[in-house]
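Here is a short briefing for a first look. Keep the sequence and the 3D view side by side as you read.

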Amino acid sequence: MTDGLTEMKRTYLLIVLAALCASFGAVPRATDVTGDVKVIANLNIGASEISTEDLKAVFLAVKTSIAGSQVEPVLAKSGRAHDVFLKEYLGKSDATLITYFRGLVFTGKASMPKVCDSDADIVAYVAKTKGAVGYIGAGVVAQGTKTLAIK
Amino acid sequence: MTRETVGIDNRRASGARLSAAIRIMALGTVLCAAPTALYAQEFKIADKAVQVHGFGSQGFVVTEGNNWLTMDTTHGSGAMTDFGLNASSQLTKKFRLGMQVYARNLGALGEFQPSVDWAFGDYRFASWLGVRAGKVKTTLGLYTDTQDLDFLHAFALMPQSVYPLDLRDANISHLGGDVYGTAPLGRAGSISYTAYVGHRDDSVHSAYPYFLLARGTHDSTYLGYQWGGDVRWNAPIQGLVVGVSGLGERLHGEGIRLGLPNREKSRRPDTTAQYFSQYAVGNLKVDAEYKHFNRDHLIRNFNSEDVADVRAWYVSGSYRVMKRLELGTYYSHYTITSTFLGLVDTTLPSGHDYDKVVSGSIDINRYVNVKLEGHFMNGYGFGPYPNGFYPQVNPTGFAPTTKGLVVKTGFNF
């Protein structure tokens, strides 16, 4: 029993140390990069703004409506806007987001969201699809969509 | 044992190793050569999109000490295969329907008998209230519902104290209904809950009936009612989840023992309490879980009573050091006591199983991975309920320690 407790303490200590080392490298940010990305939505969505909590809930398939409108998240395949959005608003990397959705898909709890190859594809899809919400680079023109302010 | 039989055994063993190695290489080659064939399929029926996804894995295990997980692992075994295929559709804005079929072979378990893994309708009234009905994956701790989906985890085998691979089908799903939801708590994050009632019906190819064979009992049925709940707090600290799950079961089994009918049943409900926390941010994930399983059964035609008590916990950490490489480690702790067997001293090898694990996972591409994992086990925890070590494959008795190497490759789309 004593051996088990010692083992537990040693293992726990090692993992906490590893977590702290990794966190020190990963968490501090010198600059705010949230201005590099904007959230766009189909024109049928009533809302003109979205909270960071709701944004996270929509893109993690926890919430399926905002301001009374059904929503469908649209993901990018890669790119700077994708990396910034995942890190700043979802707290995940590309790999962990895919893993998260696979967990939902293979337990029947959600479908795999639409994934677009480029900002232009996201704009086109969001413009034509009722309830679609996506993210693109802040400087990208997004005709036929509305930009949701993040509060 | 004569020299000839030893020679035959050795030839059989090397044949089995070769066969498993060929199976793994063939699977890996096919998967690497044809990644485009692994894209998820989506088609429409009556204007409704239907998504089809699937997965499969093939493992090879070699151990020193004891044979493990019903396989002849001391000679190297590749009898570790599973696969599943699902289809689902969002039929209306609030209603979705889906089903997954699954089959596996793990040593003497599974026997590739296909089963419905889950099949249910899900109506979500709002994010804070939804219902599911049918055969539903059970929410219990961090990973009960995804324990067999190894492409979701850094490890080839989840911590066996809490997520035993041989007992996969014991608590992975229930035939019944769930109520679930997530409610915001403002600055305090959010809270998710699940409550369920249902029924469990173990296959004759599952671990408990196989385990009982060693004691001369051929169980033909082992089933009963289940109920439970799960509450988890998604803390305002990014990536931190803390929660608790509970499960109650009232079970009974019937079969034949020494040529006569034999029955067992819960004297009072089996209970599982599971406490868990997870911190996952960026490429780092740290998990800790504690599980207490208590089982009070009237056995041998209700003439004897056995109270078994299992305490299990683990601490794990994994980090994706490169885009395609994830490293992980865990310590898994398992103890068991039994009144019927007089097993009270958990310091004995038969009363515990402590497992230290190091693991590496390489993503060959988006759909295929290979894992390599080392296990260093102290004890074999042999009580009245299975724990990975079986007398049928260890007929000369158990060794106090076991070292194991697991190689596993899998795909998903």
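In this predicted model, strands β5 (residues 72-76) and β7 (residues 132-137) of chain A run parallel and are joined by 2 bridges. Pro73(A) stands opposite Val133(A) of β7(A). Start from this pair, then widen the view to the sheet, the second chain and the contact between the chains.

**The sheet of chain A**

- The sheet is open and has 6 strands, in the order β2-β8-β1-β7-β5-β6 of chain A.
- Its pairing is mixed.
- The edges are β2 (49-50) and β6 (114-116) of chain A. Each of these strands pairs on one side only.
- Helix α5 (residues 119-128) of chain A lies across five named strands: β1 (37-42), β5, β6, β7 and β8 (145-150) of chain A.
- Helix α5 of chain A runs at about 155° to β7(A).

**Helix α4 of chain A**

- Helix α4 covers residues 94-105 of chain A, which is 12 residues.
- At 1.5 Å a residue, helix α4 of chain A should span 16 Å, and its end C-alpha atoms are 17 Å apart, so expectation and model agree.
- Which residues of α4(A) are buried? They are Thr96(A), Phe101(A) and Val105(A).
- What do these buried residues of α4(A) pack against? They pack against two strands of chain B, β2 (48-64) and β11 (260-281).

**Chain B as a whole**

- Chain B has 3 helices and 17 strands.
- Its C-alpha trace spans about 70 × 55 × 45 Å along the principal axes of chain B.
- A compact globule of 413 residues would have a radius of gyration near 22 Å; chain B has 22 Å, so the two agree.
- Of the 413 residues of chain B, 46% count as buried.
- Many contacts in chain B link distant parts of the sequence: among those between residues at least 6 apart, 62% join residues at least 24 apart.

**Where the chains meet**

- How many residues of chain B are in contact with chain A? There are 40, and they touch 31 residues of chain A.
- Strand β13 (residues 304-322) of chain B gives the largest share of chain B's side, with 4 residues.
- By class, chain B's side has 17 nonpolar, 18 polar and 5 charged residues.

Definitions and conventions:
Residues numbered from 1 in each chain as written. Chains lettered and ligands numbered in written order. Predicted model: local features only at pLDDT ≥ 70, side-chain atom pairs only at ≥ 80, totals over all residues. Contact = placed C-beta atoms within 7 Å. Nonpolar A, V, L, I, M, F, W, Y, C, P; charged D, E, K, R; others polar. Pairing = 2+ DSSP bridges. Axes fitted to C-alpha atoms, helices over the stretch in contact; angles between N-to-C directions. Rg over C-alpha atoms; globule rule 2.2 N^0.38 Å. Buried ≥ 20, exposed ≤ 12 C-beta atoms within 10 Å, placed from the backbone. Expected span 1.5 Å × (residues − 1).
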